[in-house]
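Got the viewer open? Then let's take a walk through this model, one selection at a time.

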Amino acid sequence: MKIKVAPSILSADFSRLAEEIKKVESAGADLLHIDIMDGHFVPNITIGPVVVKYIRKVTALPLDVHLMIADPGKYMDDFIRAGSDMITVHIETASTAEIAVFKKKLSKAGIKLGVSLNPDTPLSKIKGALKFVDFVLVMSVFPGFSGQKFIPSVLPKIKKLRSMFNGDISVDGGVSDKVAGALIAAGANILAAGSYIFGAKNVKSAIERIRNARRE
Ligand code: DX5
Ligand code: ZN
C-alpha cells in the first residue's frame, strides 16, 4: 500500500494558516489533517466548518477532517458543504447504526468515511462499523492536543486490525520518523503528524523521513 503523510494543522501557526498549508503542500504532503474539537468530547476547542470552507479555497490537498466532537451527526452536513474529502467520527461518539447512516450520506457526496478509536477503546467496539467505513484512524495519544507522546501499545492493536480490515489504516498522535517504521510494519498506511512536521526546520525532509521509514 502507498504510504500517505497527513500533516495535522493543529501544530500550524493559525495566524498564517494559508502559508503554513502551502508549505506542507509543496513539501509533498498527501492529505491535510484537520482537527475539529468541541470542548465536550475532548478538553480543547479548535475550529469549525467555516475555517474548513476557507482552507478548501487555498489548497488542492484532500481534506482529512477528524471530528472530535460529541455529536458528529449534528454537524455532518456542515462539514460536507465545507469541502471535506474524508471525514472521521469517533466510535466513542457514534453508534454503529449512526455510522451506517453517515456512510450512505457521505458516499452520495463522494466523501470517504473513517472511524476512530481512542487508545483505551478496544477493537471489538469498531468491529461492526468496519463494513461501513473506508478507513480506520487509530489514535496513538488521547485526543485533544498536539505534541503528546506516542503510546506504543497501539502497535499490536494496528497489527490485529490489519488482519481484520483491508482498507486504509491511519495513525494519529505522536507520530515521528522514530515510530513511523514500526507503524508501517504493523500495517498502517496513512500517518498523521502535527508537531513533528510543523516543528521541523526542513518540512520536506520530515515528510520524506516518515514516508520512507518503512522497515526492511
Ligand atoms: C490529537 C489530534 C492529532 C494531533 C497530532 O488530538 O487529533 O491530529 O494534532 O499532533 P502530534 O503529531 O503533534 O501528536
Ligand atoms: Zn487528528
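The stops below go from a metal site out to its strands, then to a helix, and end with two single residues. Keep in mind that this is a predicted model.

**Stop 1: the zinc ion.** Select ligand 2, the zinc ion, and show the side chains around it. You'll find His33 (NE2), Asp35 (OD), His66 (ND1) and Asp172 (OD) coordinating the zinc ion at 2.1 to 2.3 Å. What geometry does the site have? It is octahedral, with angles of 71 to 170° among the 6 donor atoms. Ideal angles for six octahedral donors are 90 or 180 degrees. Along the chain, the donors follow the spacing H-x1-D-x30-H-x105-D. Two of them tie distant parts of the chain together: Asp35 sits in strand S2 and His66 in strand S3, 31 residues apart. Both Asp35 and His66 are buried.

**Stop 2: strand S3.** Now select residues 63-68, which form S3. Is this strand enclosed or open? It is largely enclosed by the rest of the structure, because 6 of its 6 residues are buried. Turn the side chains on: Leu63, Val65 and Leu67 point one way, while Asp64, His66 and Met68 point the other. That fits a general pattern: in a regular strand the side chains alternate between the two faces of the sheet.

Add S2 (32-37) to the selection. S2 and S3 run parallel and share 6 bridges, and Asp35 has His66 as its bridge partner in S3. Between S2 and S3 the chain passes through H2, making a right-handed β-α-β crossover.

**Stop 3: on to S4.** Select residues 86-90 for S4. S4 pairs with S3 in the parallel sense over 4 bridges, and Val89 in S4 stands opposite Leu67. Together with H3, these two strands make a right-handed β-α-β unit.

**Stop 4: helix H3.** Highlight residues 72-81. Which residues of H3 are buried? They are Pro72, Met76, Phe79 and Ile80. These four lie on the same side of H3, because they cover an arc of only 95° around the axis. Spin to the other side of H3 and you'll see Lys74 and Arg81, which are exposed. The cover over the buried residues includes S2, H2 (49-58), S3, S4 and H4. Just after H3 comes Gly83, with a positive phi near 105°.

**Stop 5: S5 and S6.** Select residues 112-117 to bring up S5, where 5 of the 6 residues are buried. S4 and S5 run parallel, joined by 5 bridges, with Thr88 standing opposite Gly114. S4, H4 (residues 96-109) and S5 form a right-handed β-α-β unit. Next, add S6 (residues 135-139), which runs parallel to S5 and is joined to S5 by 4 bridges. Ser116 has Leu137 as its bridge partner there.

**Stop 6: two single residues.** Click on Ser170 in strand S7 (residues 168-172). Ser170 counts as buried because its relative accessible area is 1%, and the cut-off is under 20%. Beyond its neighbours within four places in sequence, Ser170 contacts Val136, Leu137, Val138 and Ile190.

Finally, find Gly28 in the loop between helix H1 (17-26) and S2. Gly28 is partly exposed, at 29% relative accessibility. Not counting residues up to four places away in sequence, Gly28 touches Ile207 and Arg211. Try a distance label too: from Gly28 to Pro49 it is 25 Å, C-alpha to C-alpha, and the two are 21 residues apart in sequence.

Notes
Residues numbered from 1 in each chain as written. Chains lettered and ligands numbered in written order. Predicted model: local features only at pLDDT ≥ 70, side-chain atom pairs only at ≥ 80, totals over all residues. Heavy atoms only, no water. Buried < 20%, exposed > 50% of the residue type's maximum accessible area, 1.4 Å probe, protein only. Pairing = 2+ DSSP bridges. Right-handed = clockwise from strand over helix to strand, strands pointing away. Arc of directions from axis to C-beta. Contact = heavy atoms within 4.5 Å. Donors = N, O, S within 2.8 Å, 3.2 Å for Na, K, Ca; no water. Tetrahedral: all angles 85-135°; square planar, octahedral: opposite > 155°, others 65-115°.
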